[in-house]
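Work through the following exercises with the sequence and the coordinates at hand. Each task is followed by a solution in steps.

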Amino acid sequence: MAGRVKVIGGIARQVLRDKRLTIWHKARKSWFTPPLSPPDPMQLFLPIAEVSVNAFLLLGMGGVVGFLSGMFGVGGGFLITPLLFFIGIPPAVAVATGANQVVASSVSGVLAQLRRKAVDFRMGLVLLVGGLAGSVAGIWVFARLSAAGHIDVFVQLSYVLFLGLVGALMLNESLSSLLRARGRAAPVRRAHTHTWVHGLPLKIKFRASGLYISVLPPLLVGALVGFLAAIMGVGGGFIMVPAMIYLLGMPTKVVIGTSMLQIMFVTAFTTVAHAVTNQTVDILLALVLIMGGVIGAQLGARVGVRLRGEQLRILLALLVLAVCLKVALDLLITPSEFYSVTAGRLP
Amino acid sequence: MIRLVILWLLLASPAAARYDTTGGEREQIVAGLSQNAVSITASYVGSEILIYGAVKRESPAPLGAPLEVIITVEGPALPQIVRRKDRRFGIWINTAEVTIDRAPSFYAVASTGPLEQILSDTEDLRHKITIPRAIRAVGISAEAEGAPAFVEALLRVQTAAGRYGWAERVVALTEDTLFRADVALPANLIEGDYRVRIFLTRGGVVVDALERRIAVRKEGLERFFTRMAFEQPLAYGFLALIVAVVAGWGAAAAFRLIRP
């Protein structure tokens, strides 16, 4: 009995499918393999990227990344930009718009840190000067590589390198501190140890940080971060914060506020520079991402307070490594099409 | 006098006989488009355009080869850079590129039957109807001419992306007189004038041809942002910043109000 029902069901399905196919064939008078999707009110045509994307998808992406960044206290640019690659936004637009999104997410952070007086303005200024120089260099390299057709690979390689490095360091750090917490009695790292950094010339006093060091290391750190902001569309906090703590020996209480200040101004400059040189900033895309991001960040910050630090940091490290792996695989796997076409502009 | 007549015939005949290969039984296209302008707005997801028309004739339709209709839609031409990836140091990177001076950003052909049966090679060469011919017609640089693999790749990639396409038997022809076809324009359109050509063929020979244009323009917010981004990039960059600052700060402030 059951068998017969199954057979009849199978035939009925077959007939139905045939019928549907015929209807579909008749309905498909259009010329193209993908039939027109039914009008979707949430579909958004992005003016600069020139692609049509679901607004909810973008809002959700911004929200999830914002949630993570609020929870972990990171900028989130390093997640937004690769995610934009994955949904088909041209890399140049993804990078420039990513920088714009970082501006928004750092503004509220900077205001909060200013209220707490946790910003070293002099250090921020030195980092910023380096950052602007790095950003200018980055924009130039970006434009040159775009023209030569190597920008996608360069951006992807940068992501693999930095995400892999930072993910591995973070994982190592949080695993060992987890072990330390279990085993206790580990040597406490001191912030104020004298290293080669303290032997360099051009020393200035950074009162808020209680430091008297050369301006060269902060300038270089700032420049590296500015370069990465222009190339990768990230804030660069994941590089700057460890560098400020371990290389410059800054006290942790001013590190976050000072790095955010630098990030806000450098990404602001980068956004304008990309808009002027490459015309790749998509305001509509940025706006939707920011909307989702800000709401997600607020929720994430609330959740983050209640969770334990080390496990969270391991999770973030794994997430960073996962994104790194995905980007790396795209470079390593043999593509199905060896050729790509880019439309140029009329002379 | 006779010489004059012969001269007049010689001069006039190419123009007169261009599509009139059947002598006195001239068949002409009368056609229209459901819309001759497409606006790309924020909610644009592609559009469908109906191309319809009729065949006008003074005398009864000639016997013999059946009447066929071919319709092409061509987007504005742009320089196209075709790049080839190779494995270097274990990763896939672009190693070679060829610039094709101008190729249509969009090209589609629809017909009442298989093109190889309803269109002769010489007619295709003259009117540049099939995709490879139409692409080459627009302008292939000497560099690209020496690299046929790149031109083939352009066709392949653009076809896979839905920018080039053809479909046979999608133009409906009723009683050898009325015809209609629906054209689906994709969501990722480039602004410009799209050229619609309609050809009437008999036995592989083009009997009449007609051209129409569809103006594709960005409208509203899309138009505002695109124009500003390219015409006043500095102002646009600052606008992007203002939007980011207001949205970032405003949303945080709003959250503080909701939950102090």
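In chain A, 81% of the contacts with a separation of 6 or more are between residues 24 or more positions apart. The model is a predicted one.

**Exercise 1. Overall make-up of chain A**

Task: State how many helices and strands chain A has, and what share of its residues counts as buried.

Solution. Step 1: chain A contains 11 helices and five strands. Step 2: it has 347 residues, and 47% of them count as buried.

**Exercise 2. A helix pair in chain A**

Task: Classify the packing of helix α3 against helix α4 in chain A, and list the residues that make the contact.

Solution. Step 1: take the geometry. α3(A), residues 77-86, and α4(A), residues 91-115, pack at about 150 degrees, and their axes are 9 Å apart. Step 2: angles over 145 degrees count as roughly antiparallel, so α3(A) is roughly antiparallel to α4(A). Step 3: the crossing of α3(A) past α4(A) is right-handed. Step 4: α3(A) contributes G77(A), I80(A), T81(A), L84(A) and F85(A), while α4(A) contributes P91(A), A94(A), V95(A), G98(A), Q101(A) and V102(A). Step 5: sorted by class, this contact has seven nonpolar residues, four polar ones and no charged ones.

**Exercise 3. Helix α8 of chain A**

Task: Identify the buried residues of α8(A), then describe the backbone just after the helix.

Solution. Step 1: α8(A) covers residues 237-247, and its buried residues are G237(A), F238(A), M240(A), A243(A) and M244(A). Step 2: G249(A), just after α8(A), has a positive phi of about 75 degrees.

**Exercise 4. The contact between the chains**

Task: Describe the side of chain A that touches chain B by residue number, element and class.

Solution. Step 1: 57 residues of chain A are in contact with 62 residues of chain B. Step 2: on the chain A side, the elements giving two or more residues include β1 (43-46), β2 (51-54), α4 and α9 (252-277). α10(A) gives the most, with nine residues. Step 3: by class, this side of chain A has 37 nonpolar, 16 polar and four charged residues.

**Exercise 5. A sheet shared by two chains**

Task: Work out the strand order of the sheet that contains β5(A), and say which strands stand at its edges.

Solution. Step 1: β5(A) pairs with β5(B), residues 77-88, in the antiparallel sense over five bridges. Step 2: within this pairing, A343(A) is opposite Q80(B), and Y339(A) has R84(B) as its bridge partner. Step 3: the sheet is open and has three strands in the order β5(A)-β5(B)-β6(B), with antiparallel pairing. Step 4: β5(A) and β6(B), residues 91-104, each have a single partner strand, so they stand at the edges and one side of each has no neighbour in the sheet. Step 5: from one strand to the next, the twist averages 25 degrees. Step 6: helix α6 of chain B, residues 148-160, lies across the three strands β5(A), β5(B) and β6(B), and runs at about 80 degrees to β5(A).

**Exercise 6. The surroundings of S111(B)**

Task: Is S111(B) buried or exposed, and which residues is S111(B) in contact with beyond four places in sequence?

Solution. Step 1: S111(B) lies in strand β7 of chain B, residues 107-111. Step 2: S111(B) has 25 C-beta neighbours inside 10 Å and therefore counts as buried; the cut-off is 20 or more. Step 3: beyond four places in sequence, S111(B) is in contact with E68(B), V69(B), I70(B), I118(B), E168(B) and V171(B). Step 4: V170(B) is 59 residues from S111(B) in sequence, with a C-alpha to C-alpha distance of 6.1 Å.

Definitions and conventions:
Residues are numbered from 1 along each chain as its sequence is written. Chains are lettered from A and ligands numbered from 1 in the order in which they are written. This is a predicted model: local features need pLDDT of at least 70, side-chain atom pairs count only at pLDDT 80 or more; totals for chains, interfaces and linings use all residues. Axes are lines fitted to C-alpha atoms, for helices over the stretch in contact, and angles run from 0 to 180 degrees between N-to-C directions. Helices (H or I, at least four residues) and strands (E, at least two) are DSSP runs, numbered from the N terminus. Angles under 35 degrees count as roughly parallel, over 145 as roughly antiparallel, 65 to 115 as roughly perpendicular and the rest as oblique. A crossing is left-handed if the near helix is turned anticlockwise from the far one by less than a right angle, and right-handed if clockwise. Two residues are in contact if their C-beta atoms, placed from the backbone, lie within 7 Å. Ala, Val, Leu, Ile, Met, Phe, Trp, Tyr, Cys and Pro count as nonpolar, Asp, Glu, Lys and Arg as charged, and the others, Gly among them, as polar. A residue is buried if 20 or more other C-beta atoms lie within 10 Å of its own, exposed if 12 or fewer, and partly exposed in between; C-beta atoms are placed from the backbone. Two strands pair if DSSP finds at least two bridges between them.
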